[in-house]
Amino acid sequence: MYSIQNDSIHLGYVAILPNMKQRILVLGSTGNVGKPLVQALTDAGETVVAASRNSAVARLDYSDPSTFAPVLEGVDRVFIVSPPGHYAADQLLAPFLEEAFKQPRKFVLLSADGVQFNDEAALRKVELKLEASGHRYVFLRPNWFMDNFHTFWLAPIQAAGIIPVPAGEAKSAFIDARDIAASAFAALTSDRFDNQAFSLSGPEALTYKEAAAILSRHAGRKIEYQHVEDQAFIASLIQAGMPRDYSEFLTSLFGFVRQGYASTVTDSVKTLTGKEPISLEEYASRNAGFFLP
Ligand SMILES: NC(=O)c1ccc[n+]([C@@H]2O[C@H](COP(=O)([O-])OP(=O)(O)OC[C@H]3O[C@@H](n4cnc5c(N)ncnc54)[C@H](OP(=O)(O)O)[C@@H]3O)[C@@H](O)[C@H]2O)c1
């Protein structure tokens with residue numbers, strides 16, 4: 001695919017001198033993970049192409065192949081985010097990956113913990129495609145985001161001081177999206193983690209009841225966890241505007257939570273970033289303003 005001539009590597013018509021910094025394409029750049037990642041890379045002096053459907057600088061829509069080639073120009077590393085709400089991530093991402101695979105590149109995929117146990121899971125299918133491609137990759141498999149409390153679950157918290165999800169009494173090792181971004185930064189800017197997968201978690205596993213107590217303390221108001229049954233939860237997601245297939249998929253994931261599969265605390269954030277992960281206390285303190293009526 002490429003050849004070495006006169007100390008430079010020729011990739012088609014792009015010549016890359018050894019150690020010359022290339023561009024990093026960050027997909028989902030306006031999202032929970034993409035935004036702090038773009039900031040960290042920019043602060044570190046990397047050349048970043050921050051892309052999404054609504055990006056003013058680099059418009060990329062997975063559903064519009066005409067947007068792929070312009071943002072991939074001169075890019076040697078790609079951070080991939082599959083947007084939530086899309087049940088079939090593998091199908092959505094396939095045309096983009098086909099284009100991106102035309103040049104040697106490294107891919108850091110925002111995947112999800114648990115997919116490694118199910119080759120039929122959409123994000124696992126994306127992982128398998130990257131593994132088979134021969135390109136370098138890093139898979140980041142985070143636990144449930146702390147950030148869900150101020151995004152997905154925010155409306156009932158603000159309106160009624162409740163977190164109505166079907167999690168039972170099980171614990172989850174919630175992670176702050178900033179730690180996922182910091183892990184992605186490490187995976188993109190170092191070769192040490194290439195061709196490895198990391199299950200990312202926060203520093204401790206908590207029940208939703210315990211999490212609600214922490215949010216309450218920092219918000220200065222009563223916030224309670226309320227277990228809801230699957231069907232009621234699906235109905236509430238659909239009412240909030242989520243597609244039915246994704247609502248059912250998300251609800252099925254809570255089945256794994258109830259069985260304790262989300263409770264594993266890992267040291268991957270420390271391995272990747274050199275720092276301890278952010279606690280829910282710290283997250284709640286920073287985001288307390290969200291949880292007010
Ligand atoms: N939330 C959790 O607890 C959790 C746990 C484990 C794994 N994950 C995984 O994390 C990912 C979500 O990450 P996130 O929270 O950072 O996402 P997010 O905040 O919802 O951001 C999604 C990003 O994707 C872009 N986007 C949406 N549709 C697009 C399209 N058709 N083409 C190109 N870009 C598009 C959005 O920008 P525009 O609207 O401008 O396009 C936005 O930048 C999902 O794959 C999810 O499975 C989440």
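Begin with the shell of residues around the ligand in this predicted model. Select that shell and colour it by residue character: it divides into twelve nonpolar, eleven polar and two charged residues. In total, 25 residues surround the ligand. Label the closest of them next, which are Thr30, Asn32, Ser52, Arg53 and Ser82.

Now turn to individual polar atoms beside the ligand. Select Asn54 and display its backbone: an N or O atom there lies 3.0 Å from an oxygen atom of the ligand. Move on to Phe145, where a polar backbone atom is 2.9 Å from an oxygen atom of the ligand. For Asp61, display the side chain instead, since one of its polar atoms lies 3.1 Å from a nitrogen atom of the ligand. Then show the surface of the protein around the ligand. On its own the ligand has 940 Å² of accessible area, and the protein covers 86% of it.

Leave the ligand and select two helices, α8 (residues 230-239) and α9 (residues 244-258). Their axes are 9 Å apart, and the helices pack at an angle of about 140 degrees. How are α8 and α9 oriented to each other? Angles over 145 degrees count as roughly antiparallel; α8 and α9 are therefore oblique to each other. Rotate the view to follow the crossing of α8 past α9, which is right-handed.

The final stop is another pair of helices. Select α7 (residues 208-219) together with α11 (residues 280-287). The axes of this pair come within 9 Å and cross at roughly 40 degrees, which makes α7 oblique to α11. Here, α7 passes α11 in a right-handed crossing.

Note on methods:
Residues are numbered from 1 along each chain as its sequence is written. This is a predicted model: local features need pLDDT of at least 70, side-chain atom pairs count only at pLDDT 80 or more; totals for chains, interfaces and linings use all residues. Side-chain values use heavy atoms; hydrogens and water are left out. A residue is near a molecule or strand if one of its heavy atoms lies within 4 Å of it. A polar contact is a pair of N or O atoms within 3.5 Å; within protein, one must be able to donate a hydrogen and the other to accept it, and residues adjacent in sequence count only if both atoms are side-chain atoms. Accessible areas come from the Shrake-Rupley method with a 1.4 Å probe; for residues, only the protein chains shown count as cover. Ala, Val, Leu, Ile, Met, Phe, Trp, Tyr, Cys and Pro count as nonpolar, Asp, Glu, Lys and Arg as charged, and the others, Gly among them, as polar. Axes are lines fitted to C-alpha atoms, for helices over the stretch in contact, and angles run from 0 to 180 degrees between N-to-C directions. Helices (H or I, at least four residues) and strands (E, at least two) are DSSP runs, numbered from the N terminus. Angles under 35 degrees count as roughly parallel, over 145 as roughly antiparallel, 65 to 115 as roughly perpendicular and the rest as oblique. A crossing is left-handed if the near helix is turned anticlockwise from the far one by less than a right angle, and right-handed if clockwise.
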